[in-house]
Every structure is written in structure tokens, then in C-alpha cells.
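Reader: I'm new to this one. Could you take me through the largest cavity and what surrounds it?

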Amino acid sequence: MKTNTQKYHLVLALKFSFLCWILTCGLALLVSHFVSQSEQSRQQTEMLELIEEAVELYHSDGLESLVEVFELAENETWTKEEAQEHWQEEGWLMALYQKDVTIAGGDIGFERANTANPQLQTEIDEAAQHIFYQAQQINDGLYLHLWQRLDHDVVIAQDARKQFIVWLAIFCWLPPLLIFVYFRQMQGNTITKLSQQLSLVAKAPELHRTVAKSDDPQLLQLCSVINTMLDEITKLHHNIKTMSVGVAHDLKTPLTRVANRLQSMSQDIDDPVQLAVHLEKACEELEKIISTFNNLIRLNSIESGKYQQGFKQIDLSTLLLDLTDSFAPVFEDAEKTLSVSILPNISCYGDADLLAQLVCNLLENALEYTNPRASVWIRLQSHSSGVLLQIGDNGPGIATSDQAHIFERFYRADTSRSSSGNGLGLSIVKAICDIHEARIYLLEGQPGAVFNIEVPTH
């Protein structure tokens, strides 16, 4: 595994270095070409200006002024040897022709262009040297030709640039390779440490978390996401463990009672009255077991989000009035008071059955856990964030130490679990709120249990 990783990093480093080499050499060649063309263009421009100056002087002051521009005496001509010597020493030659007869200057056999084109420019390659050439027709039969070698300083600069490009091509790949290898090594060490940390997490996910000692924001973000995921997994594991223990506790007691009733039935098989009592009690315990499983299935169904497909606009005021009317006789029989304050024409977006289940669970909790002659109320009104539904009572309330856990599955403040219920009622309420993107919270500093539910209208 380590060999494969090293091979992968080496191949990646070579590819990166080759790319840097191509880009660097290409950029160097482009800049060198641009500078060379700029220098040659400058020399050609100066050459044209010299020709134009000579022609203007000829037209204004005559032939003598023209040849003085080139520091020649009038009618001074060079032999081929003199012209060759002048070319070698000065790097330029001029020739003034009168009907193909040299009347000033001279040449060493360079080709002459068609002088009918007064602005003709060309380059002649002589011994790997560039020669600039300009021909100008002054008047009928009089022609001026000028040859000029590329400036010596320009030639030296070009040679230096060529050598620089050669050395650059040889060594420019090395720095990016070393830099890339260094940073890949640093990153590899960080990833190795991260892998070691994850190995510890795998052994004890509740005790260990990842820590990245790096300035790389992506790596830091990765560690943050991994830690968040581990927190969620730990929480899920805890919930599963709690649920398993809760199911075991909630099933153990009724199943034990059913077993006891069956044993009693076998003993009282000849007593129809006792047999009927045992059978009735066994059925009650079995109904508790079925209720637990039904609530678990319903809770899972709610959390899956499938109910959201049937969401629509609901008249929440009418829904709550119908529910409170059905609960009124139940509260009356329990000698408890149910106060209703519901503003009309308040609607929200959601599932009517789930919202009815939410209200029923909270009212049933108030019925079960409040003292005799307690007061229970339900209120509905508009709110800045949508709709505010409040269901509360003046009962004993919920202990501060238990308030953070009331929405957990199978959690009951009564640790002995002798009270009725399976600890899923408020979990279902919380799941219904979550699927409606509603916020539910327990008001603090109240004499009883007062729940506020903020439901968005859209």
C-alpha cells in the first residue's frame, strides 16, 4: 500500500514538473521572440528614418548633402575590397546608382531589389547573420540602396537569451519538482496522521476525534465534517442503544405479566370467573406491547418524510376546535378543566392527521400526569414566524434535569418505569414538528408543563 502511494505521488510530481517545464520554456521563448522582434523593428525604423532624411536633403540641398549623411565625399566610390573592409568594420554599406553606375559608396555583391518599389524591405541571411536592406528611388535613374547588419549588442543579447533558454530548459523542472514533492510529502504526512486517528476512532468512536494540524482549509473542513459525522453516528448509536434498552424494558414487564396470567389461567382453569379476569388482564398487557410497536412504526414512518408528499393548506383553527370538542368529555370525566382559546381562520401547510396526532399526544400527557382538578389549556394565535400553538397545564411540571431529554425515545422521568406509557409520545410530537419545520420548546419557570409550538404558515 505504501509503495503504491509513493509511486502515485512520484508520477503526479513528474507530471506537474513536466507541465511547469512546458509552460516556463514556452513563456521564455515567447518573451525572447517578442524582444528580438522589437529590437529588429527598432533598427529597421532607424534605417528607414536615415533613408528618408537622405532623400529629403537631396531634394533640398543636392547630391552633396545626401552623401554627407553617410559621411562620404561627393562622388566617393569604394572598390569591392574597400566595401568589404567597410562592411566588416562598420556593419553597413550604401550605394548610390545613376542608371546602374555607382556614383557613391559601393557593395560587395549583395542582391539588389527592384527599385520601382521605394519602400521595399527584406532580410538576407549571410553566415547566420541578419542583414536589413532598404532601396529607395530618388528620381528617374537615381537609386539609393542601404544594407545594414544587425547591431552587435543585439546579437550578443540574442545569444545570451538563447543560452538562458537552454539552461532554463535543462534545470527549470527541478525547482517545481522539489516544491511539489515537499508539499505532497507534508500533505501525505497529514493524511497518514489522519488515517491513524481514524483507526483509533474505529476502535472507540465515542472517545476519539480527528485533529488536523494543517493550514489547508480543505483538510480542516474535511476533519470538521468527519467529526460532525462521528458525533451524529455516536448520537445514533446512543439512540439505538437507548431504544433497545427501552424496548426490552417495555416488553419485559407486560410479557412477564402475560406469562403470569397464563400460569394463573392454568391453575384456575375450572373457575370461569377468574379465567375471564386473567384473560382480560393478559389482553390489556398484549395491547400495551402492540401499542409500543405501532408507535415505533409510526415514528419511523414520520421521520422517513413520506407524509410530506401529501402536505396541503389546512384550516388549523377548525381542526383544533374539533379535537377539543372530542376531548372535553374526557377531561370532564377526569374532573379536570380544559380551557380553549383559538382564533378563527388560522391556517398552515402540513398534514392534518399528523397535526391532530401531535395535539392528542400533548393533551393525553396533560391528562395523565397532572393532579386532580388540574387546569389544562390550548391556545392558537398568529405569530411573527407563522402560527403559535400553546398547550400547557398547571400540574407538577417536569424536573429541570429531565427537560433536556423529554423528546428522546423511551425516556421517562420515572426511572422505575412503573408508570403507564412507553416513552414515545413526545418523541412522536418532536418528529411531527420536525417534518413540518416547526419549533417546539418547553417554557421555563412555569408551574406546570407548557409547550410552545411555532408552526410556519407556508
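Author: Here is a walk through the largest cavity and then the core. This is a predicted model, where local features need pLDDT of at least 70, side-chain atom pairs count only at pLDDT 80 or more, and totals for chains, interfaces and linings use all residues. Residues are numbered from 1 along each chain as its sequence is written, and side-chain values use heavy atoms, with hydrogens and water left out.

The largest cavity holds about 50 Å³ of space. A cavity here is a set of points on a 1 Å grid over the protein atoms alone where a 1.4 Å probe fits but cannot get out, and lining residues have an atom within 4 Å of a point. Its volume is the space filled by probe spheres set on the points, which are joined across faces, edges and corners.

So who lines it? You'll find Leu 316, Cys 348, Leu 355, Leu 358, Val 359, Leu 389 and Val 455 there. Helix α9, residues 352-369, gives the most to that lining, with three residues; helices are DSSP runs of H or I with at least four residues, strands are runs of E with at least two, and both are numbered from the N terminus.

Now for the largest nonpolar core: it has 44 residues, and Leu 358, Val 359 and Leu 389 are among those with the most contacts inside it. Such a core is a set of buried Ala, Val, Leu, Ile, Met, Phe, Trp, Tyr and Cys residues joined through side-chain atoms within 4.5 Å, and buried means under 20% relative accessible area (1.4 Å probe, protein chains only). Again α9 gives the most, with ten residues.

Methods:
On a 1 Å grid over the protein atoms alone, a cavity is a set of points where a 1.4 Å probe fits but cannot get out, and a pocket is an open set with protein on both sides within 12 Å along at least five of seven lines; lining residues have an atom within 4 Å of a point. Buried means under 20% relative accessible area, exposed over 50%, partly exposed in between (1.4 Å probe, protein chains only).
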